[in-house]
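Let's take a friendly walk through a protein model, starting from one residue and working outwards to the whole chain. Have a look at the fold first, then read on.

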Amino acid sequence: MSAATAGTATGPRHDGGVFPHPRTGTPFDSPVPPGSGWPGDPATPHTAVAADAAQVARLAEQAGSIPELDAEISVCRACPRLVAWREEVAVVKRRAFADQPYWGRPVPSWGSPRPRLLIVGLAPAAHGANRTGRMFTGDRSGDQLYAALHRAGLASQATSVDAADGLRANQVRIVAPVRCAPPANAPTPAERATCAPWLDAEWRLVAEHVRAIVALGGFAWQVVLRLLADQVGRPKPRFGHGAVAELASGVRLLGCFHPSQQNMFTGRLTPAMLDQVFLAARTAAGIR
């Protein structure tokens, strides 16, 4: 199925009520329909929608620009279990956010469309990016990540609260191999495989600019090795915090423990350890 014959973004179910955006005050359904004015929403009601794995692959292959790809990712409905979960969360909500609308859609990547540094995460958090519509925004992992990026001169501010807070990236792009919040933070192998063409397409569109990649956790490390399989030597480089792998193209891959609440609380990962990785990544990427 081509982009011309794929479905269009008629929108998710709208039984979560209407609530004001916490910063702009504009009312939105929860989940948020595409093209309704949410800050940074890349889609319109006419954006092509992938309804199954084959359509994901076809639309991803045909995407000719980052804005087009972001828009199509943000309305994808190819994984029924993930669609049902992300929208249920947007209706039931967490008590602390009960008076807010939830994005409740797949979360596109965030940052520069021509990044020198690519950061690879895992999947959106149910009450973080699934609520705010921006990668690593609105949860404790994001609090740690953006504070570290700011200290390294890679983000314009130390906090990432919502999609209208004015945050800007310095030649950085944050991506994820799974774009929907999964139940129990655990996408199935089939769901990961269905989502993979979106990241493949994104790499195709940004690869010429990227000089360094940070993998947040062992799973993200393996995703990068798959994505750049033709650049990886033998034996395959092993993940570890602070691990560095030189790829055949000259891109440097750096490992970093994921800034999860558990890792930070237990001290497995500290702010100083994050700073070590992101300062090294900035140097490797040649960002001034």
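**From a cysteine to the whole chain**

With a relative accessible area of 14%, C79 counts as buried, because the cut-off for that label is under 20%. Keep in mind as you go that this is a predicted model.

Does C79 pair up, and where is its closest partner candidate? The sulfur of C76 is the nearest cysteine sulfur to that of C79, at 6.3 Å, and C79 is in no disulfide. That distance can be set against the cut-off of 2.5 Å for a pair of cysteine sulfur atoms. C180 tells a similar story: its nearest cysteine sulfur also belongs to C76, 6.4 Å away, and C180 is in no disulfide. C180 is buried too, at a relative accessible area of 9%. For the structure as a whole, the disulfide count is 0.

Now zoom out. The chain contains 9 helices and 10 strands. Its radius of gyration is 18 Å, close to the 19 Å from the globule rule for 288 residues, so the chain is as compact as a globular protein of that length. The C-alpha trace spans about 50 × 40 × 35 Å along its principal axes.

How is the interior put together? Of the 288 residues, 54% are buried. Among contacts with a separation of 6 or more, 70% join residues 24 or more positions apart.

Finally, the outside. The accessible surface is about 12,000 Å², and carbon and sulfur atoms account for 54% of that. As for charge, there are 30 positive and 22 negative side chains, with the centres of the two sets 7 Å apart.

Technical notes
Residues are numbered from 1 along each chain as its sequence is written. This is a predicted model: local features need pLDDT of at least 70, side-chain atom pairs count only at pLDDT 80 or more; totals for chains, interfaces and linings use all residues. Side-chain values use heavy atoms; hydrogens and water are left out. Buried means under 20% relative accessible area, exposed over 50%, partly exposed in between (1.4 Å probe, protein chains only). Helices (H or I, at least four residues) and strands (E, at least two) are DSSP runs, numbered from the N terminus. The radius of gyration is taken over C-alpha atoms; the globule rule is 2.2 Å times the number of residues to the power 0.38. Contact means heavy atoms within 4.5 Å. Accessible areas come from the Shrake-Rupley method with a 1.4 Å probe; for residues, only the protein chains shown count as cover. Lys and Arg count as positive and Asp and Glu as negative; His and the chain ends are not counted. The place of a charge is taken as NZ of Lys, CZ of Arg, CG of Asp or CD of Glu.
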